[in-house]
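Colleague: I've got this one open on my screen and would like to go through some of the labels. Could you walk me through the reasoning?

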Amino acid sequence: MKVGFIGLGIMGKPMCKNVLKAGYEVIAFDFNKAAIEEVVACGAKAASSGKEVGENCEVLITMLPNSPHVKAALFNEGGAAEGLKAGCTVIDMSSINPVESQNIAKKLAEYGIELLDAPVSGGEPKAIDGTISVMVGGKKETFDKYYDLMMSMAGSVVRVGDVGAGNTTKLANQIIVALNIAALSEAFVLCEKAGVDPQLVFDAIKGGLAGSTVMNAKAPMMISRNFEPGFRIELHIKDLQNALDTSHAINVSLPLTSQVMEIMQALKVDGKEKKDHSAILNYYEKINNLIVGNKN
Ligand code: NAD
């Protein structure tokens, strides 16, 4: 099976390497030439445009920041849709607005091309290990056809409904992750001020009911004060904006999501939008005038 790959960033590059490791033939494109060279060293072919990728694959994986990037990669001049043949499938693994997934599916259908919206959760470490969770929207038979391909990058791949359902599930995931990180930050400033070591707090509670994958991933980063991404605040702002837009469009209220959104917005105002979302802690440190964890 010939696989196209567009978008070799923090997530896409290790995901592409795992597809190669599983034995698929891959042709890849990104604006970043160094990223292309890295996957070429693992056995991929380099393309000089999205169109060239489309001409040389039956299934195209996209892993791009947001819907404008996905639309540009597919439909701009020299984009993949110019090269893809009718009967091909696009698996968009980017996290985008579910309504945009449906719009993209409609446009691809004009070319006779199927879409699966298949965003992922797990972050860079799980992308490297090949253990990300994939939530997929689209036709059951298309899902079945490409299940093994998606599993080559993942620990779990679950079909959650028709096109758009994958990204609705991802919004749910992003709400839960954001609120967890904010809760962890509140707890850590409280413990720090009370004179209880956050590392010992983490050790004591991680196996209890409050423990979570988010806590295991983000507490060590907060305590060692490593706020390098990982998952950038600007990307999480994009996800929460998509969650709020979607909720308002269907008349649902998300009070806690809107509050964490404003915390992230304040961090962006403070120039921290390229930091990992664990830097939500920095907002709590600022309003409480203290520093959590290792001060060295
Ligand atoms: P990133 O910014 O690191 O990578 C995006 C890549 O896309 C870059 O290499 C960029 O050059 C390339 N690109 C942009 N437009 C392009 C175009 N038109 N043609 C070709 N290449 C193009 O982003 P990331 O962290 O890898 O995230 C990708 C998606 O995955 C986002 O939607 C994000 O929300 C989601 N996601 C990220 C994480 C994470 O922890 N980083 C976790 C889960 C999901």
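Modeller: Sure, and keep in mind that this is a predicted model. Let's start with T89, which lies in strand β5, residues 89-92.

Colleague: What makes T89 count as buried or exposed?

Modeller: Buried means under 20% relative accessible area, and T89 comes out at 3%, so T89 counts as buried. Leaving aside residues up to four places away in sequence, T89 touches E58, V59, L60, I113, E114, T142 and Y146.

Colleague: Why is Y283 with Y284 called edge-to-face?

Modeller: Two rings pair if their centres lie within 6.5 Å, and planes over 60 degrees apart count as edge-to-face. The search of the whole structure finds four aromatic pairs. In the one formed by Y283 and Y284, the centres are 5.6 Å apart and the planes are at 85°, so edge-to-face it is.

Colleague: And why does Y283 get the label partly exposed?

Modeller: Partly exposed runs between the 20% and 50% cut-offs. Y283 has 26% relative accessibility, so that label fits. Y284, at 8%, counts as buried.

Colleague: How do you know that the charged end of K107 sits over the ring of F75?

Modeller: NZ of Lys has to be within 6 Å of the ring centre and within 35 degrees of the ring normal. For K107 the distance to the centre of the F75 ring is 4.5 Å. K206 lies over the face of F202, at 4.7 Å from the ring centre.

Key: Residues are numbered from 1 along each chain as its sequence is written. This is a predicted model: local features need pLDDT of at least 70, side-chain atom pairs count only at pLDDT 80 or more; totals for chains, interfaces and linings use all residues. Side-chain values use heavy atoms; hydrogens and water are left out. Rings of Phe, Tyr and Trp (its six-membered ring) pair if their centres lie within 6.5 Å; planes under 30 degrees apart count as stacked, over 60 as edge-to-face and the rest as tilted. Buried means under 20% relative accessible area, exposed over 50%, partly exposed in between (1.4 Å probe, protein chains only). Helices (H or I, at least four residues) and strands (E, at least two) are DSSP runs, numbered from the N terminus. Contact means heavy atoms within 4.5 Å.
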